[in-house]
Amino acid sequence: MTTHYLACDLGAESGRLMLGSLADGRLALEEIHRFPNAPIKADGSLCWDVPRLFEELKAGLKKAAARKLLIAGISTDSWGVDYLLLDAQGKIMSPTFHYRDARSTRGVARVKAVVDWPAVFDETGIQFMPLNTIYQLAAEPTERLAGAAQMLMIADAFNYFLSGAARI
């Protein structure tokens with residue numbers, strides 16, 4: 001018996017929907033749909049084009065559905081530092097900043113003002129990169145964060161769009 005899975009990979013420059021088929025202990029992979037993933041400029045910032053990416057994901061799902069295979073599971077992965085904010089109604093709070101946006105530099109300065117790098121490293125184990133989530137969040141206006149009911153990493157957000165369940 002063959003079991004089929006779908007994986008949406010949102011990479012830094014392109015996205016794709018992959019079909020994984022597991023049979024007799026062997027995994028076969030097939031690209032179903034590929035699309036560009038480039039940040040967009042919005043109000044002077046680089047942002048994820050979330051609506052377009054979701055449309056591309058749905059286009060890939062339609063291609064997968066045309067094969068009439070029983071799909072056992074679907075999930076999404078992405079560059080691991082970006083996130084989006086949801087309001088109390090579960091709606092996206094725009095913009096959804098891209099890790100390449102220059103605002104993270106402000107976040108680095110804000111974090112360094114309250115905690116030194118060794119303490120950050122001791123707690124997280126991550127290497128220093130200005131694009132890390134901690135610095136992106138530190139660059140957010142306090143009012144915007146206060147208005148958010150939930151934060152989801154980009155991959156978790158797309159899983160939420162597909163399932164209706166906002167989980168991390």
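Me: What makes strand β1 (residues 3-10) and strand β2 (residues 14-23) a pair, and in which sense do they run?

Reply: In this predicted model, β1 and β2 are joined over eight bridges in the antiparallel sense; two strands pair if DSSP finds at least two bridges between them, so they count as a pair. The bridge partner of D9 is R16 in β2. Residues are numbered from 1 along each chain as its sequence is written. Local features need pLDDT of at least 70, side-chain atom pairs count only at pLDDT 80 or more, totals for chains, interfaces and linings use all residues, and side-chain values use heavy atoms, with hydrogens and water left out.

Me: Why are β3 (26-36) and β6 (71-78) said to stand at the edges?

Reply: The four strands, which are DSSP runs of E with at least two residues, numbered from the N terminus, form an open sheet of mixed pairing in the order β3-β2-β1-β6. β3 and β6 each have a single partner strand, so one side of each lacks a neighbour in the sheet.

Me: What makes α1 a helix that packs on the sheet, and which strands does α1 touch?

Reply: Helices are DSSP runs of H or I with at least four residues, and contact means heavy atoms within 4.5 Å. α1 touches β1, β2, β3 and β6, and its direction makes about 135 degrees with that of β3, where axes are lines fitted to C-alpha atoms, for helices over the stretch in contact, and angles run from 0 to 180 degrees between N-to-C directions. Helix α6 (residues 154-163) lies across β1 and β6, at about 145 degrees to β6.
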